[in-house]
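Welcome to a short tour. Open your viewer, switch to a cartoon display, and get ready to select a few pieces one after another.

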Amino acid sequence: MHASSIHPLMLALFATALGSCEMPQGEQNLESEPSADLAPDASLTPAAVETPSAAEVDPEQQLMTTPAPQVTAAKAPAAEATGACPADMVLIQGKHCPVVDQPCVTWMEDPAKFPYARCAEFAPNPTCKAERVSMRYCIDRLEAADDGGMPIGDISWTNAAAICKSKGKRLCQEREWLFACEGEEMSPYPYGLKRDPSLCNFEKENLVDKGELADYRQPVTSNPQCLSPFGVQNMVGNIDEWVVLDKPYWTNWGKKMNSGLKGGWWGPLRNRCRPVTLDHDEYFHELQTGFRCCAEAK
Ligand SMILES: [Ca+2]
């Protein structure tokens with residue numbers, strides 16, 4: 001495991017620059033307002049008016065004391081076999097843990113100083129600290145791709161939701177994306193406890209090319225070992241993925257956002273299942289923003 005030559009502070013600054021949600025004038029007119037039926041579950045989210053706590057931003061940091069029994073992961077039956085989901089989707093079925101204790105034993109940067117610190121290895125046996133929730137739905141096996149098989153990037157939450165709707169699907173709810181990534185075993189990385197950039201597309205360096213973010217996207221079918229416990233591919237790395245936040249995010253200037261990003265892109269980022277990137281509004285788009293869709297299971 002090599003540490004990136006990019007200083008974490010540089011990363012944070014770069015992420016901040018990338019995270020600028022300033023919207024070009026007139027852009028809002030080019031994209032339709034998200035309607036309630038673009039993402040049906042959004043209507044279920046509570047209308048919280050407080051700024052999310054740190055635990056909501058980084059749930060893996062939250063420690064609770066109520067023990068929960070260990071659950072042995074049961075792989076969902078192949079969707080093709082049950083007919084519950086279209087052929088390009090995976091049936092996700094099981095009991096999701098909303099709050100998990102996943103201690104990191106080896107940080108690559110100091111998490112007290114760097115909110116985007118990377119974890120080289122988590123302690124075994126993550127434990128569930130809340131009552132589990134039964135879930136059943138379909139999720140795209142692969143990231144949304146263009147005709148050339150490359151992940152669609154530079155797309156806003158609003159347009160991603162519209163594309164999903166045009167396919168008879170919807171943008172994934174945050175908790176749906178999370179459960180598809182970590183499974184009942186609450187795996188910190190979709191593929192296990194140890195960070196492994198040989199499996200997925202992250203930890204790329206030399207991220208700036210002629211003043212722009214260098215494009216290290218790979219075909220959505222690449223990295224065949226970058227699989228979640230349910231067999232969903234490239235959830236972390238490659239392209240960052242829009243989701244509908246479980247709780248709307250309120251900026252400190254009072255703006256409400258339903259848009260979150262999961263999994264990170266090709267840079268040396270957190271690239272694990274639990275974190276969600278906030279503060280990017282529903283019209284924000286840059287090269288690294290993509291998506292995959294979810295749908296109801298039959
Ligand atoms: Ca991804």
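**First stop: a strand pair**

Select strand β1 (residues 89-96) together with strand β6 (residues 133-140): the two pair in the antiparallel sense over 8 bridges. Keep in mind that this is a predicted model. To see one of the bridges, click Ile 92, then find its partner in β6, Tyr 137. Now look at the surroundings of β1: 7 of its 8 residues are buried, so by the cut-off used here each of those 7 has 20 or more other C-beta atoms within 10 Å of its own.

**Second stop: a covered helix**

Next, select helix α6 (residues 174-182). Is it mostly covered or mostly open? It is mostly covered, with 7 of its 9 residues buried. Show the side chains of the buried ones: Glu 176, Trp 177, Leu 178, Phe 179, Ala 180, Cys 181 and Glu 182. These buried residues pack against β1 and β6 from your first stop, and also against β10 (240-250), β11 (256-262) and β14 (293-295). Step just past the helix to Gly 183, which takes a positive phi of about 65°.

**Third stop: an open sheet**

Now colour the 4 strands of the open sheet, which follow the order β12-β11-β10-β13 with mixed pairing. Why does one side of β12 (276-277) and of β13 (289-290) lack a neighbour in the sheet? Both stand at the edges, each with a single partner strand, so one side is left free of a neighbour there. Bring α6 back into view: this helix packs on the sheet, touching β10, β11 and β12, and its direction makes about 130° with that of β10. Finally, zoom in on β10 and β13, which run parallel and are joined by 2 bridges. For one of these contacts, select Asp 240 and its bridge partner in β13, Thr 289.

Notes:
Residues numbered from 1 in each chain as written. Predicted model: local features only at pLDDT ≥ 70, side-chain atom pairs only at ≥ 80, totals over all residues. Buried ≥ 20, exposed ≤ 12 C-beta atoms within 10 Å, placed from the backbone. Pairing = 2+ DSSP bridges. Contact = placed C-beta atoms within 7 Å. Axes fitted to C-alpha atoms, helices over the stretch in contact; angles between N-to-C directions.
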